[in-house]
Amino acid sequence: MKTVILDGQTLNPGDNPWTPIENIHPVTLYEKTQEEDIIQRSKDAEILLTNKTPLTKETLQQLPNLKYIGVLATGYDVVDIKAAADLGIPVTNTPGYANNAVPEHVFALIFECYRQISLHSQQVKQGEWGQNGQFCFWNTPQREIGGKTLGIIGFGNTGNNVARIANGFGMNILAYAPRPKPLPNYDNFAYAELNEVLTKSDIITLHCPLTPDTKHIINEQSLKLMKNDAILINTARGPLIDEPAVANALNAGTLGGLAVDVVSEEPIAKNHPFLSTPNTFVTPHLAWATIEARMALMQIAADNIAAFINGTPQNVVNGVTAK
């Protein structure tokens, strides 16, 4: 089978060899693919791998040889999975590879919001501590996360691991899961409806997939339910939040802070509101990108391909088991 990788640079910028996949089939690798080149590069592919290169209904209808799509990520909103299903093409994702990486980044962002470590380090290097005359100084409020309520919207692998870490820090946890989930085996945890999570949480972190139901799950109405000093964290998908509404809340002081690893259009635009809103921290979609996570992703992707070839596809997200 001819295997084509449309945008391999982020998964392997040079430190994460394609060996697990190449051991199954030789691959044609493109580090990045522009939209106008997708069909030309994919037309002979039977196995097609993508990270962020979109595969629309119109594109898929022009790829008659295609038998399998592997998404090199957990989120699969870059593929029209219904169109793929209608064409009998299974689509798989790679869940679980960032079970440590993303939750750890969530807490890095939380601590940045609560302690602003990077700001104070910069001020020390600029001489402010030496000129201060005191043994200590701080220019932003210093807060503890112990005893605070963490609201988790979406409770899959990532949300569950965020909750596990939060429990270790002594936080109270409220989780919103639209479908029933087992109750974790630790204290200070409860499932709650979305409005209760929004109303009672000191920190809210998003871990749901991007679907028509979750797009702008944080919007003008939901922001009104949140505490004025609440912190919002988004390491999932940019369109989960209504960015203009969140920017307005930050500027008005009705949202305490924001830390995001994702925005609606990536890379971020020069005039994006989050580049100028107060109490805002933006990282460049790197929560997933530890070498450990990327190596795990590579192996899961390879295992998915092998399972498909063996007639027992796994991690299928559109219900198609074979073509």
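**Cysteines**

I started with Cys 136: at 29% relative accessibility, Cys 136 counts as partly exposed. Worth jotting down before going on: this is a predicted model. Next I looked up Cys 208, which comes out as buried because its relative accessibility is 9%. Which cysteine sulfur is closest to the sulfur of Cys 208? I found the one in Cys 113, and at 18 Å that is too far for a bond. A disulfide is a covalent bond between the sulfur atoms of two cysteines. My cut-off for calling one is a pair of cysteine sulfur atoms within 2.5 Å. I then ran the search over the whole structure and got zero disulfides.

**The sheet**

How many strands form the open sheet, and in what order? I get seven, ordered S8-S7-S6-S9-S10-S11-S12, and the pairing is parallel. The edges are S8 (189–191) and S12 (280–282), each of which pairs on one side only. From one strand to the next, I have the twist averaging 15 degrees.

**Strand S9 and its neighbours**

I went through S9 (residues 203–206) in some detail. On one side, four bridges join S9 to S6 (residues 149–153), and the two run parallel. I noted two of the partners: Ile 152 in S6 goes with Thr 205, and Ile 153 has Leu 206 as its bridge partner in S9.

S9 also pairs with S10, again in the parallel sense and over four bridges. Here I looked up Ile 203, whose bridge partner in S10 is Ile 231. Between these strands I checked the connection too: S9, helix H10 (residues 220–225) and S10 make a right-handed β-α-β unit.

Which way do the S9 side chains point, and are they buried or exposed? Ile 203 and Thr 205 point one way, Ile 204 and Leu 206 the other, and I find all of them buried. In a regular strand the side chains alternate between the two faces of the sheet. So I have Thr 205 as a bridge partner of Ile 152 and also as a buried residue pointing the way Ile 203 does.

**Helices across the sheet**

Which strands does helix H5 (residues 101–115) lie across? I list S6, S9, S10 (231–234), S11 (257–260) and S12, with H5 running at about 150 degrees to S10. Helix H8 (residues 157–168) lies across S6, S7 (172–176), S8 and S9. I put the angle of H8 to S6 at about 170 degrees. S9 is thus on my list for H5 and on my list for H8.

Notes
Residues are numbered from 1 along each chain as its sequence is written. This is a predicted model: local features need pLDDT of at least 70, side-chain atom pairs count only at pLDDT 80 or more; totals for chains, interfaces and linings use all residues. Side-chain values use heavy atoms; hydrogens and water are left out. Two strands pair if DSSP finds at least two bridges between them. Axes are lines fitted to C-alpha atoms, for helices over the stretch in contact, and angles run from 0 to 180 degrees between N-to-C directions. Contact means heavy atoms within 4.5 Å. Buried means under 20% relative accessible area, exposed over 50%, partly exposed in between (1.4 Å probe, protein chains only). A crossover is right-handed if, with the strands pointing away from the viewer, the path from the first strand over the helix to the second runs clockwise.
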